[in-house]
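Work through the two exercises below with the sequence and the model open beside you. Each task is followed by a solution in steps.

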Amino acid sequence: DEGKITQYSKDIPLDGPEYLLFDDLIYVATNKGLKIISDSNGYEIDKNDFHIFDKIVISDLDIIDERLYIASEIGLFEYSNEDNSLIKINDELYSKIVTDKQNNLYAMKKNRLFKIDNQGVNYIINLKNVKNMCYCNDFIWFNHYKYASILNLSNNFLTEYNELDGLLSKKIYNIQCDKDWVWFSTDSGLILYNWSNYHYNE
């Protein structure tokens, strides 16, 4: 139904580490460095470029085009798959990062969201208890564990979703979205919401 938050599955998912697939390799963010695993055989891959992260906490990863972004306790990095170059963007410790279609970064630090682009680092909004976030069509969805919110980047308008809106869960483990749907991994199972019917005309 239009605008309905739907419970899709009652299977309770686990809250695991951040990971992503990049160039047929699985990159896993851990508290002891960046682990790289072959998607074809499951073996760990040793990349000299990433020894800088040995025994370093990796808080988040994101990818756009051929660039991998790494948020760590020693700063924010960009890795280019085209020329195998690793560049340090800044020394800040960000807890969560996402990228948009223009290669801009959005990063969380101490309950504050920042935009990082060619012009520098700009503060956007205060947000508490962000566990993870995802970018979709100039919007960012945020998981606050007990509720969720969506930020319209064109006007910084923030909308919150909780049990009163049909999000029948007390714990959100993860959140992901595409241009039409957002799905919540919760203690009540997988919940879907066709958010595009309500937010594109804000």
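**Exercise 1. Describe the surroundings of Lys47, beginning with its contacts.**

Step 1. Leaving aside neighbours within four places in sequence, Lys47 is in contact (heavy atoms within 4.5 Å) with Leu25, Tyr27, Ile36 and Tyr79. The model is a predicted one, in which local features need pLDDT of at least 70, side-chain atom pairs count only at pLDDT 80 or more, and totals for chains, interfaces and linings use all residues. Residues are numbered from 1 along each chain as its sequence is written, and side-chain values use heavy atoms, with hydrogens and water left out.

Step 2. Place Lys47 in the chain: the residue belongs to the loop between β4 (33-38) and β5 (58-64), where strands are DSSP runs of E with at least two residues, numbered from the N terminus.

Step 3. Look for polar contacts (pairs of N or O atoms within 3.5 Å, one able to donate a hydrogen and the other to accept it). The side chain of Lys47 has one with the side chain of Tyr27 at 3.2 Å, and another with that of Tyr79 at 3.4 Å.

**Exercise 2. Find the partners of strand β10 in its sheet.**

Step 1. Four strands form an open sheet in the order β9-β10-β11-β12, and their pairing (at least two DSSP bridges between two strands) is antiparallel. Its edge strands, β9 (96-99) and β12 (120-126), each pair on one side only.

Step 2. Between β10 (residues 105-109) and β11 (residues 112-117), which run antiparallel, there are five bridges. Within β11, Phe114 is the bridge partner of Ala107.
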